[in-house]
Amino acid sequence: MHYKFKCLLVFLLFFNISLCAEQSSTSFFSIPDEFSTSNLFLEAGGGYCAPIRFFNQGIIPMTGNGFHFLTGVGYNWDGWLFAVTASHDRWSEGLEKQGLMENFRTNIVEFRVRRIISEQNISFLPSWFEIIPGFGLGGYFISTDYYPSLRAKQEGKLKSIGWGDAGTNCFFYRISFELAFPFGREVLIPFVGCDYNAFYDESIGGGFAGYGTVYLGLRFYPFNIRNNTSSVKKDKDFNNKEDVAVFKNSYDDFMQDNPDEPETDDSTDENSEDEAIEQEVDIASWGEPEASLQITPDFDFTPDGDEVNDEAIIVPSVEYLQYPPKNWNIKIYDRQNHLIRTFSDEGSLPESITWDGKTDDGENLISKNLYTARLTVIPDDRDIERTSVNQLEAEDTVETGILFMEIIPEKQWKIIVNTIYFDPDRATFNKISAEQRKANTDTLDSIAYQLSLRENVNVVVQGYANNVSNTERENIYELIPLSQLRANTIMELLIQRGIDSSILESEGLGGANPIAAWEDRANWWKNRRVEFIVTKIDEAE
C-alpha cells in the first residue's frame, strides 16, 4: 500500500505541474520577471473537514466531522503560487461503533505550490475567474485521545498521545483545487477550494489515513495597495532609452517652432537627459491608466474579396503607462461569445492591426452578424506597482454587411445569413421579438438592395436547419419541409422588395451541408441559416 500511494502522489504531482490572474502569464511555463514586493501575499481560510478514515480499517470513519483553519505567506511568481502555510484541524468524537477517536487534533506546516489558470491561458474563462490546482508537502503533528480497540471503547479505556510523542510526527500530502475571483483589482482575492489530504500514522498503528476538506479563504497582496507617490523615481522608474529619445525629439521640434528659446548644450550626457526628463514629466498629474480600442469600419464590414471594405483596421492604445506593457492580446468573439480570432504579443502595442475577416481556423465571417473585439493589456510590473492596476481592458464591435463569397470567379457567389428569425418550427413571424423583427427587416432590405445592383443573375434561396437527432427520419419528415416553407417565405419577401420573381427560386435542404459538425453543439446556430446562391447568366443564354 505504501509503495502504491507514493506512485499515486508522484502522478498527481506531475499532473499538477503540467497543467500549467493576480499576476499570471499567457504561457503555462514562463520565465518570471525579477522579484517584486507587489507579488508577496498573505492568505487565510477555514472550512469543513470530513471524518478521518484509515485505509487498513476498511475505510471506516474513525472520527466525527471536523473544522479546518489555515494561514500562510507566499509569493506569486508569474502565476505560480509558492507558499509556506500553517494549519490546524480538529475533529469531534467518532460516532460510529468503530470510530475509536475521542478527539483528533493536528497541526500542519507545509510547503504548497499552486498554478493560476486564467483567461490568459484558457480563452473562454471570464476575466474575474481563476482555476488553481495545486499540491503540498509538509509535517503532520498529531495529538488525540483514542480507544486502542473496540473492546477498549466498550470498557471506556482511553489512551492519549500528544505532540512530540513517538510516532506523532509524520509526513503530510495534499492535493487541492481552488476557484478564485479577482474581480478587477488584485489586493483582496476571495477563493473557495477543496482538497484531499493523506498521512501515514505510526503513533496508534493506523497506517495510511486520509480526509477531505472544503474551505473558503482570502488572499491579500499588501504591497498592491496604491502608492500615491507624486514624483518619478530617479534611475529606476524613468531611465528607458526609448523614453529619452521621445523626449529629445519633442524638445527638438519645440526648439524649431520657438527659435527665441535658449539653446541647450548638446554635450550633455545621458545622466543629465534623465534629470531633464524627471523635471518635465509630472506623473502625479496623470489619470488612471486606461486602454481604448477602435475598429474601422464598424459597420458594413464585407471581407469577400471585392476590394470594398475587405479589411478592418483595429487600433489599440493605452494611456498613462510609463513603460511598454508586459503583454497584450486582442480577442474577437462572434455573437454567441465564441472566440474566433486572436492577436497577441509582448511589449508595446502596434499602431494598428489589419484583420482580413478570417477566423483562426481560416473560416469566413457570416453576413449581418455582430462581432466583438476585446483588448487586454498586462502592464509592466513597475507600472503595476505604481498604479495598482494589474490589467487594462477595452472593447469595440464591428457588424458585417452582405458578403458575396465567390464560388466560381466572376460567375457564382454565395451569401450566408442566420439573422432571419422565424417562430419555432414555423415559417411565420408571429412570436419573435421586436428586436428580431428589426433584424429581419435590416437583413432582407440589405440583401434586396445588393441583388438589385447585379444584372443578369439567377438567385436560389436555400433554407437550412440543424439536425438535432442526427437522423435521416428527422431530416426527411421535419427539416426539409420546414426549410422549404421558410425559403418560400423569404423569396416572397424579396419579391415585395422589388426583386423580379422570374430570377428567384427556392429550395429546402434541411440538415444537409452543415457548417458545424453534429458533435459541435456550441456552433449549431451556424447550421440554422439561409443561403443565397447568385449565378450570373450569360447573355447568350
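In the predicted model, G46 stands opposite F69 of strand β4, and this bridge belongs to the antiparallel pairing of strand β1 (residues 40–49) with strand β4 (residues 66–77), which are joined by 10 bridges. Two strands are taken to pair if DSSP finds at least two bridges between them, and helices (H or I, at least four residues) and strands (E, at least two) are DSSP runs numbered from the N terminus. Strand β4 also pairs in the antiparallel sense with strand β5 (residues 80–91), over 12 bridges, and here the bridge partner of F69 is H88. In the hairpin of β4 and β5, 2 residues lie between the strands, and D78 takes a positive phi near 55°.

Residues are numbered from 1 along each chain as its sequence is written. The model being predicted, local features need pLDDT of at least 70 and side-chain atom pairs count only at pLDDT 80 or more, whereas totals for chains, interfaces and linings use all residues; side-chain values use heavy atoms, with hydrogens and water left out.

A search of the whole structure finds 17 aromatic pairs, where rings of Phe, Tyr and Trp (its six-membered ring) pair if their centres lie within 6.5 Å, planes under 30 degrees apart counting as stacked, over 60 as edge-to-face and the rest as tilted. One of these pairs is formed by W91 and F104, which meet edge-to-face at 5.8 Å centre to centre with 80° between the planes. Because W91 lies in strand β5 and F104 in strand β6 (residues 101–115), the pair ties together parts that are 13 residues apart in sequence. W91 is buried at 3% relative accessibility, and F104 is likewise buried, with a relative accessible area of 1%; buried means under 20% relative accessible area, exposed over 50%, and partly exposed in between (1.4 Å probe, protein chains only). W91 and F104 belong to one aromatic cluster together with F54, Y140, F172, F199 and Y211. Rings also receive charged side chains: R219 lies over the face of F41 at 5.9 Å from the ring centre, and R529 lies over the face of Y464 at 3.8 Å from the ring centre, a charge being assigned to a ring if NZ of Lys or CZ of Arg is within 6 Å of the ring centre and within 35 degrees of the ring normal.

An open sheet of 5 strands, with mixed pairing, follows the order β13-β19-β18-β15-β16. Strands β13 (299–301) and β16 (339–346) stand at the edges, each with a single partner strand, so one side of each is left without a neighbour in the sheet. The twist from one strand to the next averages 30°, with axes fitted as lines to C-alpha atoms, for helices over the stretch in contact, and angles running from 0 to 180 degrees between N-to-C directions. Within this sheet, β18 (residues 370–378) and β19 (residues 392–400) pair in the antiparallel sense over 8 bridges, and A373 has D396 in β19 as its bridge partner.

Most residues other than glycine have a negative phi, and most peptide bonds are trans. A cis peptide bond nevertheless joins T296 and P297, with omega about -5°, and P297 lies in the loop between β12 (290–296) and β13. D300, in strand β13, has a positive phi near 65° and is partly exposed at 32% relative accessibility. N309 is found in the loop between β13 and β14 (312–319); its phi is near 55°, and N309 is partly exposed, with a relative accessible area of 32%.

Strand β22 (residues 457–463) is mostly covered, 7 of its 7 residues being buried, with V457, V459, V461 and G463 on one side and N458, V460 and Q462 on the other. Strand β22 pairs in the antiparallel sense with β24 (residues 530–536) over 7 bridges, N458 having T535 as its partner in β24, and in the parallel sense with β23 (residues 504–508) over 5 bridges, where V459 is partnered by L504.

Helix α7 (residues 472–496) has 25 residues and reaches 35 Å from its first C-alpha to its last, close to the 36 Å expected, the expected span being 1.5 Å times one less than the number of residues. A kink of about 40° lies at L479, shortly before P481, the bend at a residue being the angle between axes fitted to the seven residues ending there and the seven starting there. Buried residues of α7 include L479, L482 and M491. S501, in the loop between α7 and β23, is partly exposed at 43% relative accessibility, and its C-alpha atom is separated by 8.1 Å from that of M491, 10 residues apart along the chain.
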